[in-house]
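Hi everyone, thanks for making time. I'd like to walk you through one structure today, so let's put it up on the screen.

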Amino acid sequence: MKQMKAYLDNILKNDPAARSYVEVILLYPTVHAMAFYRAANWLYRHNAFFMARFLSQFARFLTGIEIHPGATIGRRFFIDHGMGVVIGETTIIGDDVTIYQGVTLGGTGKDVGKRHPTLEDDVVIGAGAKVLGPITIAKGSKIGAGSVVLKNTEKDSTTVGYKAKTLPFKTEQIKDSIERTTGITEIYNEMVI
Ligand SMILES: CC(C)(COP(=O)(O)OP(=O)(O)OC[C@H]1O[C@@H](n2cnc3c(N)ncnc32)[C@H](O)[C@@H]1OP(=O)(O)O)[C@@H](O)C(=O)NCCC(=O)NCCS
């Protein structure tokens with residue numbers, strides 16, 4: 001109960017839109033998502049994996065926030081607005097972290113084991129940012145809205161922007177593409193010769 005009160009007090013202190021305990025308890029999806037997460041995480045740690053996932057999917061249905069029950073989350077974690085948030089299984093989140101709607105703390109698809117980010121204390125992740133891979137967002141770092149972050153950040157730094165680029169075709173892809181469109185492999189072989 002003490003922790004719950006500290007959690008609600010923190011929201012009232014930091015969110016200018018929050019006016020009362022009743023409003024925060026009834027209308028803030030972060031409160032609902034975290035209540036379900038704490039229960040789901042307990043079940044996960046006691047090997048009740050199906051029930052843990054069931055609870056977390058139910059919470060997702062209610063709030064639009066998907067937190068894998070295996071994630072490790074510290075105190076006073078605040079998800080503002082919430083819709084479209086995804087937090088992966090091996091994510092570790094410290095104390096006093098804030099994230100906004102549309103944030104993904106996910107994997108790149110290339111790592112096994114620890115494949116999701118670690119967020120140290122006092123980190124802020126802006127709306128829609130994608131933080132991917134087993135990287136560390138250092139204490140006090142801010143990630144700008146809409147950023148895509150694939151590398152560690154430095155303590156108390158601000159990181160913004162994304163870097164999307166189309167990679168040049170690889171030889172095998174050219175061959176596949178020619179075969180798919182013409183059905184003829186010889187064209188590719190002649191081109192290579
Ligand atoms: C990144 C952020 C935290 C500001 O951090 P800051 O350290 O105070 O940075 P500044 O405002 O001084 O901006 C520094 C530079 O980054 C740029 N910048 C800031 N946010 C950016 C973003 N999301 N994407 C790209 N560039 C951004 C600024 O234009 C500025 O560029 P300049 O130096 O060329 O002028 C803030 O802009 C942000 O994105 N907050 C997220 C809040 C959010 O998601 N709100 C949703 C509410 S519903």
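Okay, the big picture comes as two domains: domain 1 covers 2-162 and domain 2 covers 163-193, with bounds that come from an automatic or database domain assignment. Taken over C-alpha atoms, the centres of domain 1 and domain 2 are 42 Å apart.

Quick housekeeping. This is a predicted model, where local features need pLDDT of at least 70, side-chain atom pairs count only at pLDDT 80 or more, and totals for chains, interfaces and linings use all residues. Residues are numbered from 1 along each chain as its sequence is written.

Now, helix 3. Helices here are DSSP runs of H or I with at least four residues, strands are E runs of at least two, and both are numbered from the N terminus. How far apart are the end C-alpha atoms of helix 3? They sit 24 Å apart, which agrees with the 24 Å that its 17 residues, 29-45, should span at 1.5 Å a residue; the expected span is 1.5 Å times one less than the number of residues.

Plenty of helix 3 is buried, including Val-31, Met-34, Phe-36, Tyr-37 and Tyr-44. Buried means 20 or more other C-beta atoms within 10 Å of a residue's own, exposed means 12 or fewer, and partly exposed is in between, with C-beta atoms placed from the backbone. Among the elements covering those buried residues are helix 2 (21-27), helix 4 (49-63) and strand 1 (65-67).

Pro-29 also belongs to helix 3, but Pro-29 is partly exposed, because it has 19 other C-beta atoms within 10 Å. Beyond its neighbours within four places in sequence, Pro-29 is in contact with Thr-63, Gly-64, Ile-65, Ile-79 and Gly-82; contact means C-beta atoms, placed from the backbone, within 7 Å. Just past the helix, Asn-47 has a positive phi of about 65°.

On to the sheet. It is open, with 4 strands in the order 2-5-8-11 and parallel pairing. Strand 2 and strand 11 (136-137) are at the edges with a single partner strand each, so one side of each has no neighbour in the sheet. Pairing takes at least two DSSP bridges between strands, and strand 5 and strand 8 are joined by 2. In that pair, Ile-92 has Thr-118 as its bridge partner.

Last stop, the ligand. Residues around it include His-81, Tyr-100, Lys-142 and Thr-158, where near means a C-beta atom, placed from the backbone, within 6 Å. By class, the shell has 4 nonpolar, 6 polar and 1 charged residues.

Key. Two residues are in contact if their C-beta atoms, placed from the backbone, lie within 7 Å. Ala, Val, Leu, Ile, Met, Phe, Trp, Tyr, Cys and Pro count as nonpolar, Asp, Glu, Lys and Arg as charged, and the others, Gly among them, as polar.
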